[in-house]
Amino acid sequence: MVQGFRGNERRQSERYSTTALRCLLAFIVSLGLIDGPAAAQPATTSEYRIAAGDKIGITVFGQPDLSDEPTVDQNGNIRLSLIGDIQAAKRSLAELERSIEEALAKGYVKRPKVTAKITAYRPIHVLGMVRTPGLYPYEHGQSVFAAVMRAGGMGTAEHSGQGGGGDFFQADDRVRLLEISHASLLAKKARLVAQANRVTRIEFADTSASPVDQALLADMRESEERAFAAERRAEENEVEALRQQLPRLEAEIASLRRQSDLELRQRDPSYNVGRLTSEVRREETRVDLNSTRLKSDALKAELAVGELQFKIAELRNSYQRRALADLRETERELLEMSVNLPSARRARAARAGQMGWLTAEHDQMPEIAVIRSTSTTTVKYEDSIRFLLLPGDVVQVGSILPSASHPRPNQVSAIGQPNR
C-alpha cells in the first residue's frame, strides 16, 4: 500500500514537471524577442479589444455551416452567414460571442452556443531605414528589435539581398531557449532547496530584471509550486500510511500488559485458600507461562512500533536524499548554462552586427519610434529598441522625411502634441 501511494504521487509530480516543459516549448515556438518593460506586455485574450485586420475564428456549436473565420473590415465589422454584418471592433471576444448568440437566437438557431478566438492578429508595420519595409505578421512577445530583424535589419532596400536573417534568428532562438532554460532551472533549484531544507514554502529569487516574459516566469513558479506540493503530499501520504499502524500496535501492547497483570494477580495467596498444594503449584506454573508469553508478545509489538518509527524516519530521509541529488544535478546544469548563455549572446550580437544593426553606443544610431493607435488616441514611444509590440503597431526606424531637429530619447507623447 505504501508503494502504491509513492507511485501515484510520483506520477503526479512528473505530470507537473511535464506541464512546465510544455509551457517552455510553447513559448519557444514564438520567435519574438521578449525584453522590455512589463507594462508593455500585450493584453491577455480576455482583455484584448478586437480591431480592423484581426482574423476571428467563429464556431457555432452543432452548426458547422455557420462556423467561419472572417477578417474584421475597416468599418470594424465581420460578415457571417444568415445574420450578415456584426460589429466586432472595440469589443472583447466574450462580448462578440454574446452579440453573435443574440443575433442567431432571433429566429435562426435555438439557444446557440458560440465561441470566438483570434486566429491571426492584425499585422505590424516596419518603415524607414530597414532593408525590406512593409507589413509583418504579429507574434506574441515580439519586440522592436525582432521586428527590425524580420525586416532585414537596418539598411536600405538595395541591400535587401545580402541575407543573414536566418543566421540571426537561429542565434536568437538559441539565446531565448537558453534564457528560458536558465529561468526554469533557477525555479527548480528554489523548489529543491525548499525540499532539502524541509521548509513549507519556496523562496524564489527576484526575477523582475529577467529577459524572460514575466507571464512565463509566473507559470514556471506555479508549476514548481504544484510539484512541491505534490512531493510533500506523496511524503505525507506514505508517512501517514505507516503511522496508521501505530495505534493498532499500541492498543495490542496495552491489551497484552493488562492480560499479564491479570495472570499475575492469580498468584495472590488469597486465590489459593483451601486448595491442595499440588494444585496451587500447577496453577502458579500456568500463570508464569502465560505471563511470560504475554510479555514476549508485548515486547514483539514494541519492536514493531520501533521498526515503524525507523521506517518513517528512513522514508523522510529518502525524500531528502533524492532532493539533494536533484539539487546537485541542477546546480551542475546551471554551471554549464553560465558558460553557454554568454557565448550564445555573443554569437547573436555578431549575427546582428552582420545584418547592419548598430548598437546604442554607435554615433549613427538612428532614432526608433513605435506609433500605437487606440480607440481614443495615438501614442508615440521613442527610443524603444526593447519595447514589446502590440497588434497594429507601426515601427519607424529613422526619419522617413529629413528633420532639422530630433526629440529627446525615452519620450512618450501624444501625436499632434509637443513633447515636453
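This passage describes the overall make-up of a predicted model, then its strand pairing, one loop residue and its cavities.

The chain has 420 residues, and 38% of them are buried. Its secondary structure consists of 7 helices and 10 strands. Contacts with a separation of 6 or more were also examined. Of these, 66% join residues 24 or more positions apart. The accessible surface amounts to about 24,100 Å². Carbon and sulfur atoms contribute 52% of that surface.

Strand β5 spans residues 124-128 and pairs with two other strands. One partner is β6, which covers residues 134-136. The β5 and β6 pairing is antiparallel and runs over 3 bridges. Here His125 stands opposite Leu135 of β6. The two strands form a hairpin, with 5 residues between β5 and β6. The other partner is β9, made up of residues 394-397. The sense of the β5 and β9 pairing is parallel, and the pairing has 4 bridges. In this case Gly128 faces its opposite number, Val397 in β9. Thus β5 takes part in an antiparallel pairing with β6 and a parallel pairing with β9. In a regular strand, side chains alternate between the two faces of the sheet.

Thr71 lies in the loop that connects β1 (55-60) and β2 (77-80). Its relative accessibility is 42%. Thr71 is classed as partly exposed because this value falls between the 20% limit for buried and the 50% limit for exposed residues. Residues up to four places away in sequence aside, Thr71 touches Gly53, Asp54, Lys55, Asn77 and Ile78. Among these, Lys55 falls within the 55-60 range of β1, and Asn77 and Ile78 fall within the 77-80 range of β2. Gly53 is 18 residues from Thr71 in sequence. The C-alpha atoms of Thr71 and Gly53 are 6.1 Å apart in space.

Internal space was examined next. Rolling a probe the size of a water molecule over the atoms shows where empty space is left. The structure holds 2 cavities of 30 Å³ or more. The second largest encloses about 40 Å³. Its lining consists of Val60, Leu66, Leu80, Ser81, Ile83, Ile100 and Leu104. Of these lining residues, 6 are nonpolar and 1 is polar. No charged residue lines the second largest cavity. Two of the lining residues belong to strands named above: Val60 to β1 (55-60) and Leu80 to β2 (77-80).

Conventions: Residues numbered from 1 in each chain as written. Predicted model: local features only at pLDDT ≥ 70, side-chain atom pairs only at ≥ 80, totals over all residues. Heavy atoms only, no water. 1 Å grid on protein atoms, 1.4 Å probe; cavity = no way out; pocket = protein on both sides within 12 Å on 5 of 7 lines; lining within 4 Å. Points joined across faces, edges and corners; volume = space filled by probe spheres on them. Nonpolar A, V, L, I, M, F, W, Y, C, P; charged D, E, K, R; others polar. Pairing = 2+ DSSP bridges. Buried < 20%, exposed > 50% of the residue type's maximum accessible area, 1.4 Å probe, protein only. Contact = heavy atoms within 4.5 Å. Areas by Shrake-Rupley, 256 points an atom, 1.4 Å probe, with all protein chains shown as cover.
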